[in-house]
Amino acid sequence: MSVSLTYHGHAALSINIDGTNVLVDPFITGNPLASIDSSSIEADYILVSHGHEDHVGDTLSIAKRTGATIIANLEIANWFSSQGVVSVHPHHIGGGYDHPFGYVKLTQAHHGSALPDGSYGGNPCGFLIQALGTTLYLACDTGLFSDMEIIGEEGIDLAVLPIGDNFTMGPKDALRAVKMISPTLVLPVHYNTWPLIEQNALEWKQSVEKETSSKVCVLQPGQRIHYKTNQDNGTKDVTIES
Ligand code: NI
Ligand code: MN
C-alpha cells in the first residue's frame, strides 16, 4: 500500500494512491518550474482548489484527454461540465465523500476564485485527503486562519502549505500554521514561480524545525514523497525520491 506525492512546481501535485492518479491544481503549461509536459500527465481524478489560472491550468485538456473526474466546488464543477468535461464530482466546504481512492473533504480557504473567463467560481478551498492510513492536508491558496487548529485535530501526516506571500500566506504565517496544524511533515509550495513570490524555502525549513517538532521537506519539481504502509503493523516508511 503506497501513497506517493510528486511536486510539479508552483502548487501542482500528482498523488498516486495505490495506482490511482489524483492530480491537484495542474498548472503545467506556462508554469516556469514545471519539469514535465501536460500531454504526458496521467490522471484518474483532478482536484481543483479554486478558479485562478495558476490552479485551473491544464485541467480542461487533461480531463478531456484522460477522461479524469474533476473534483471541485459546485460552481467550478458546473463550469467544467459546461466546457464539455464528462465526469465531475461537486463538493462544497466542509463536505466530504468516500471516493474510490480515499476520502476527500473540502476545507475553507481565504482567497478568491474567479474562473479564467470571469465566471463565478464559488468559494476557494483546500483539501483534506485520507487514503490508505495517510492523512494529507492541502491548504491551497489561503491566508492564515485559526481553524487550521481544528484541521490539525485530524492528525496530519503531511501538510502542503503556501509560503510565497503576496497572494497567500508568507513564511511567518506559514510557520504559525505549522504550529496550529502540527503535521509530521510539511511541504512548502506556491513560491519562486515568479519574482513576486520569491522565498528561501531552506531558511523557512530551518525556522520551522527550530520552533516546532514538524519536519519540512523541500522538493524540487519532479521529486516525490513516498509513503509505504507496512500491512502487518500499520507503520509507515517515508522516503524522498527524485
Ligand atoms: Ni489563487
Ligand atoms: Mn495561486
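**Exercise 1. In this predicted model, decide whether His-10 is buried or exposed, and describe its backbone.**

Solution.
Step 1. His-10 has a relative accessible area of 0%. The cut-off for buried is under 20%, so His-10 is buried.
Step 2. Place the residue in the chain. His-10 belongs to the loop that joins strand E1 (2–7) to strand E2 (13–17).
Step 3. Look at the backbone angle. Phi of His-10 is positive, about 60°, although His-10 is not a glycine.

**Exercise 2. Find where Asp-18 lies, and state its phi and its exposure.**

Solution.
Step 1. Asp-18 sits in the loop between E2 and strand E3 (20–24).
Step 2. Its phi is near 45°, a positive value in a residue other than glycine.
Step 3. The relative accessibility of Asp-18 is 46%. Partly exposed covers values from 20% to 50%, so Asp-18 counts as partly exposed.

**Exercise 3. Describe the surroundings of Ser-38 and Ile-41.**

Solution.
Step 1. Locate both residues. Ser-38 is in the loop between E3 and E4, and Ile-41 is in the loop between E3 and E4 as well.
Step 2. Check the accessibility. Ser-38 counts as buried at 10%, and Ile-41 is buried at 4%.
Step 3. List the contacts of Ser-38, leaving out residues up to four places away in sequence. Ser-38 touches Ile-28, Thr-29, Asp-58, Ser-61, Ile-62 and Arg-65.
Step 4. Do the list for Ile-41, again without neighbours within four places. Ile-41 is in contact with His-8, Leu-23, Ile-28, Ile-36, Ile-62, Arg-65 and Thr-66.
Step 5. Compare sequence with space for one of these partners. Ile-41 and Ile-62 are 21 residues apart along the chain, and their C-alpha atoms are 7.5 Å apart.

**Exercise 4. Work out which residues hold the manganese ion (ligand 2), and which parts of the chain they come from.**

Solution.
Step 1. Name the donors. Asp-54 (OD), His-55 (NE2), Asp-141 (OD) and His-190 (NE2) coordinate the manganese ion (ligand 2), at 2.1 to 2.2 Å.
Step 2. Write the donors as a spacing along the chain. The pattern is D-H-x85-D-x48-H.
Step 3. Place two of the donors. Asp-54 lies in helix H1 (residues 53–56), while His-190 lies in the loop between strand E12 (185–189) and helix H6 (201–211), so the pair ties together parts that are 136 residues apart in sequence.
Step 4. Check whether these two donors are buried. Asp-54 is buried at a relative accessible area of 14%, and His-190 is buried at 1%.
Step 5. Look for a second metal. Asp-141 bridges the manganese ion (ligand 2) and the nickel ion (ligand 1), and the two ions lie 3.1 Å apart.

**Exercise 5. Search the structure for cavities and describe the lining of the largest cavity.**

Solution.
Step 1. Count. One cavity of 30 Å³ or more is found in the whole structure.
Step 2. Give its volume. The largest cavity holds about 70 Å³ of space.
Step 3. List the lining. Its residues are Ala-11, Leu-13, Val-24, Asp-25, Leu-138, Cys-140, Asp-141, Val-160, Pro-162 and Val-189.
Step 4. Sort the lining by class. Eight of the residues are nonpolar, none are polar and two are charged.
Step 5. Link this to Exercise 4. Asp-141 appears in the lining and is also a donor to the manganese ion (ligand 2).

**Exercise 6. Identify the buried residues of helix H5 and the elements that cover them.**

Solution.
Step 1. Helix H5 covers residues 171–181, and its buried residues are Ala-174, Leu-175, Ala-177, Val-178, Met-180 and Ile-181.
Step 2. The cover over these buried residues includes E10, helix H4 (148–152), strand E11 (158–162), E12 and H6.
Step 3. Go past the end of the helix. Ser-182, just after H5, takes a positive phi of about 50°.

**Exercise 7. Is Gly-133 buried or exposed, and what does it contact?**

Solution.
Step 1. Gly-133 is in the loop between strand E9 (125–131) and strand E10 (134–138).
Step 2. Its relative accessible area is 60%. Exposed means over 50%, so Gly-133 is exposed.
Step 3. Apart from neighbours within four places in sequence, Gly-133 is in contact with Asp-157 and Lys-236.
Step 4. Take a distance across the model. The C-alpha atoms of Gly-133 and His-92 are separated by 24 Å, and the two residues are 41 apart along the chain.

**Exercise 8. State how confident the prediction is, and where confidence is lowest and highest.**

Solution.
Step 1. The protein chain has a mean pLDDT of 97, and 100% of its residues reach 70 or more.
Step 2. Confidence is lowest in strand E15 (residues 236–241), at a mean of 90, and highest in strand E4 (residues 45–47), at 99.

Conventions. Residues numbered from 1 in each chain as written. Chains lettered and ligands numbered in written order. Predicted model: local features only at pLDDT ≥ 70, side-chain atom pairs only at ≥ 80, totals over all residues. Heavy atoms only, no water. 1 Å grid on protein atoms, 1.4 Å probe; cavity = no way out; pocket = protein on both sides within 12 Å on 5 of 7 lines; lining within 4 Å. Points joined across faces, edges and corners; volume = space filled by probe spheres on them. Nonpolar A, V, L, I, M, F, W, Y, C, P; charged D, E, K, R; others polar. Donors = N, O, S within 2.8 Å, 3.2 Å for Na, K, Ca; no water. Helix = DSSP H or I, 4+ residues; strand = E, 2+ residues; numbered from the N terminus. Buried < 20%, exposed > 50% of the residue type's maximum accessible area, 1.4 Å probe, protein only. Contact = heavy atoms within 4.5 Å. pLDDT = per-residue confidence, 0-100.
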